[in-house]
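Work through the following exercises with the sequence and the coordinates at hand. Each task is followed by a solution that proceeds step by step.

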Amino acid sequence: MALQLGDTVPNFTQASSEGEINFYDWAGDSWVVLFSHPADYTPVCTTELGTVASLQSEFQKRNVKTIALSVDDVESHKGWIGDINETQNTTVNYPILADGDRTVADLYGMIHPNSLNNLTVRSVFIIDPNKKLRLTITYPASTGRNFDEILRVIDSLQLTDYHQVATPANWQDGDDCVVVPSIPTEEAKQKFPKGVTEIKPYLRMTPQPNK
Ligand code: BEZ
């Protein structure tokens, strides 16, 4: 069965552009963005991996490690990284898994044969420090992903885990947040000293707690 939100993700050991990786050991206590792409030396993928490299300081601020994957081999990845660095004006400083035997692709359901035969589609997995799956997104091969959106979801998940607020539609960092339904309004008023606005008994807003 496909991995579902809240599942503990499977561990694996696989080759990468930075040597063999045991996933759990490599992840340690960090959050992880694991993302697959169809193939090396392809245009959309080149822009995506460059973008993730350019955003490394944003990921690090949030205690997030990134790791890419395709079914190409290590030598291909290493050659392609040179092209990404040259064309995207960046330095790829995170590993790309070389999943030629499809170990990881099969465990995580990254091959969708009716969309792209034998190649991984653009899957994204956000995994928390407890190795629980917190988000999956699947994009078609022809659409490059929006990694600002990935960062936005990480911010939202971390606000929920660390501050017990949720985030409304189209929320952006700094906007008001939603008090989670499990907290009664009187308790919320104590917990969120910046104030709680009760629009409806089930719809309570508060300024972003960590700003
Ligand atoms: C690309 O990365 O440009 C790409 C890969 C597979 C299919 C279409 C586009």
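**Exercise 1.** In this predicted model, determine whether Arg-134 is buried, partly exposed or exposed, and describe the salt bridge that its side chain makes.

*Solution.* The relative accessibility of Arg-134 is 22%. Since buried requires a value under 20% and exposed a value over 50%, Arg-134 counts as partly exposed. The next step is to find the partner, and this is Asp-161, whose side chain meets that of Arg-134 in a salt bridge with an N to O distance of 2.8 Å. Asp-161 belongs to helix H6 (residues 147–163) whereas Arg-134 belongs to strand S7 (residues 133–139), so the pair ties together parts that are 27 residues apart in sequence. Asp-161 is likewise partly exposed, at a relative accessible area of 36%.

**Exercise 2.** Place the salt bridge of Arg-152 and Glu-149 within its helix, and then state which residues are joined into one network by salt bridges that share partners.

*Solution.* The closest N and O atoms of Arg-152 and Glu-149 lie 2.6 Å apart. Both residues are in helix H6, and because they are three residues apart there, about one helical turn separates them. Arg-152 is partly exposed at 21% relative accessibility, and Glu-149 is partly exposed with a relative accessible area of 26%. As for the network, shared partners link Glu-58, Lys-61, Arg-62 and Asp-155. One of the salt bridges is that of Glu-58 with Arg-62, for which the closest N and O atoms are 2.8 Å apart. Its two ends fall into separate classes of accessibility, since Glu-58 at 23% counts as partly exposed, while Arg-62 at 15% counts as buried. In total, the structure holds ten salt bridges.

**Exercise 3.** Which residues of the largest nonpolar core touch the most other members, and which element supplies the largest share of this core?

*Solution.* The core has 26 residues, and those that touch the most other members are Val-33, Phe-35, Leu-49, Phe-59, Tyr-94 and Ile-126. To trace where the core comes from, one lists the elements that each supply at least two of its residues, which are strand S3 (31–36), helix H2 (43–54), strand S4 (64–70), helix H4 (74–88), strand S6 (122–127) and H6. The largest share, six residues, comes from H6. A second core, separate from this one, has 18 residues, among them Ile-21, Ile-67, Leu-97 and Leu-133.

**Exercise 4.** Describe the surroundings of Thr-66, beginning with its element and ending with its contacts beyond four places in sequence.

*Solution.* Thr-66 is placed in strand S4. With a relative accessible area of 2%, Thr-66 is buried. Its side chain and that of Gln-56 are joined by a polar contact of 3.0 Å. Once neighbours within four places in sequence are set aside, Thr-66 is in contact with Trp-26, Val-33, Phe-35, Val-52, Gln-56, Phe-59, Tyr-94 and Pro-95. Reading the contacts from the side of Tyr-94, with its neighbours within four places likewise set aside, one finds Thr-66 again, and the partners of Tyr-94 also include Ser-17, Glu-18, Leu-49 and Ala-68.

**Exercise 5.** Decide from its residues how far S6 is enclosed, and identify the strands with which S6 pairs.

*Solution.* Six of the six residues of S6 are buried, so the strand is largely enclosed by the rest of the structure. Arg-122, Val-124 and Ile-126 point one way, Ser-123, Phe-125 and Ile-127 point the other way, and all are buried. Turning to the pairing, S3 and S6 run antiparallel and are joined by four bridges, with Val-33 standing opposite Ile-126. S6 also pairs with S7 in the antiparallel sense, over six bridges, and there the bridge partner of Ile-127 is Leu-133. The hairpin of S6 and S7 has five residues between its strands, and in it Lys-131 takes a positive phi near 70 degrees.

**Exercise 6.** What contacts does Val-153 make outside its neighbours within four places in sequence?

*Solution.* Val-153 lies in helix H6 and is buried, with a relative accessible area of 15%. Beyond the excluded neighbours, Val-153 is in contact with Ile-126 and Leu-135.

Key:
Residues are numbered from 1 along each chain as its sequence is written. This is a predicted model: local features need pLDDT of at least 70, side-chain atom pairs count only at pLDDT 80 or more; totals for chains, interfaces and linings use all residues. Side-chain values use heavy atoms; hydrogens and water are left out. A salt bridge is a side-chain nitrogen of Lys or Arg within 4 Å of a carboxyl oxygen of Asp or Glu. Buried means under 20% relative accessible area, exposed over 50%, partly exposed in between (1.4 Å probe, protein chains only). A nonpolar core is a set of buried Ala, Val, Leu, Ile, Met, Phe, Trp, Tyr and Cys residues joined through side-chain atoms within 4.5 Å. Contact means heavy atoms within 4.5 Å. A polar contact is a pair of N or O atoms within 3.5 Å; within protein, one must be able to donate a hydrogen and the other to accept it, and residues adjacent in sequence count only if both atoms are side-chain atoms. Two strands pair if DSSP finds at least two bridges between them.
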